[in-house]
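Hi everyone, thanks for making time. I'd like to walk you through one protein today, so please get the viewer open and follow along.

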Amino acid sequence: MIREILKMGDPRLLRVARPIDNINDPGLGAIIADMFETMHAAGGVGLAAPQIGIDLRLMIFGFESSPRYPDEPPVPITTILNPWMEMLTEQTEDGWEGCLSVPGMRGMVPRVTRIAYGGLLDDGRAFEREASGFHARIFQHEFDHLNGILYPRRIRDMTRFGFIEALFPDSALAALEASSGGTPAQAPAADPRA
Ligand SMILES: [Zn+2]
């Protein structure tokens, strides 16, 4: 079932989400299925449970190939419960980000370039990985959602925050945003909508 995605300004997006106590809760599978359906319908590459109003530390992300991200390598399609993250460097890089909860806009956000992260898979097994670049960016964006942080709060230079059609007036992304109400087929490089 496609769920409503909460928009910036909704206080539920500002909560620090609760850990999942019972991994075997039979309701979790339906929530995860709804999150994937909602993310795909919205053209996103990541979604955190608080974005559909569910106060749990649960996130999904990833894509195998996406015409929207022609320059980006695949990011494993992942569901994580109770995630953790460790920064493996202090080095950051800037990249454009969007968010399904901040529709029509993009901002330039610094993110740490290399991280380790982990948590529980949907079958309850623990796992961990290292990630860099776009993969690390998507994870950090979703992890922020679980702590009540939306990407505009990470922007250092507010002159690099605005509406897609104004920032990228000649891009396919702008045309698609304008005509479809927000399902871009191609985005500027490093542009997660999550
Ligand atoms: Zn987001």
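I'll go from the overall layout to the two sheets, and then to the core.

Before anything else, keep in mind that this is a predicted model.

Okay, the big picture. The protein has four helices and eight strands. If you trace the chain along the sequence, the pattern goes α-β-β-β-β-β-β-β-α-β-α-α. There are 194 residues, and 35% of them count as buried. Now take the contacts with a separation of 6 or more: 66% of those come from residues 24 or more positions apart.

Let's look at the sheets, starting with the one that has five strands. In what order do its strands sit? The order is S1-S2-S3-S6-S7, it's an open sheet, and the pairing is antiparallel. At the edges you'll find S1, residues 46-48, and S7, residues 126-132. Each of those has a single partner strand, so one side of each is left without a neighbour in the sheet. From one strand to the next, the twist averages 35°.

We can step through some of the pairings here. S2 and S3 run antiparallel and are joined by five bridges. One spot to click on is Ile 60, whose bridge partner in S3 is Thr 79. Move on to S3 and S6: they're antiparallel too, with five bridges joining them. There, Met 87 has Ile 115 in S6 as its bridge partner. Then comes S6, residues 114-120, which pairs with S7 in the antiparallel sense over seven bridges. In that pairing, Arg 114 is matched with Ser 132 in S7.

One textbook reminder while you're looking at strands: in a regular strand, side chains alternate between the two faces of the sheet.

Now the other sheet. This one is open as well, with three strands in the order S4-S5-S8 and antiparallel pairing. Which strands stand at the edges? They are S4 and S8, and since each has a single partner strand, one side of each is left without a neighbour in the sheet. The twist here averages 25° from one strand to the next.

S4 covers residues 92-97 and S5 covers 105-112, and the two pair antiparallel over six bridges. Thr 92, for instance, has Val 112 in S5 as its bridge partner. S5 also pairs with S8, residues 161-163, in the antiparallel sense over three bridges. Find Arg 106 and you'll see it opposite Gly 162 in S8, while Gly 107 stands opposite Phe 161.

Next, bring in helix H2, residues 133-146. H2 lies across S4 and S5, and runs at about 105° to S5.

That helix takes us to the core. The largest nonpolar core has 32 residues, and those touching the most other members are Leu 47, Ala 49, Met 59, Phe 61, Ile 138, Phe 139 and Ala 194. Who supplies it? At least two residues each come from H1 (28-42), S1, S2 (58-63), S3 (75-87), S5, S6 and H2. And which element gives the most to this core? That's H2, with six residues.

Last stop, Leu 47. If we leave aside its neighbours within four places in sequence, Leu 47 is in contact with Met 35, Thr 38, Met 39, Ile 60, Leu 100 and Ala 194. You've met Ile 60 already, as the bridge partner of Thr 79.

That's my tour, thanks for listening!

Notes:
Residues are numbered from 1 along each chain as its sequence is written. This is a predicted model: local features need pLDDT of at least 70, side-chain atom pairs count only at pLDDT 80 or more; totals for chains, interfaces and linings use all residues. Two strands pair if DSSP finds at least two bridges between them. Axes are lines fitted to C-alpha atoms, for helices over the stretch in contact, and angles run from 0 to 180 degrees between N-to-C directions. A residue is buried if 20 or more other C-beta atoms lie within 10 Å of its own, exposed if 12 or fewer, and partly exposed in between; C-beta atoms are placed from the backbone. Two residues are in contact if their C-beta atoms, placed from the backbone, lie within 7 Å. A nonpolar core is a set of buried Ala, Val, Leu, Ile, Met, Phe, Trp, Tyr and Cys residues joined through C-beta atoms within 7 Å.
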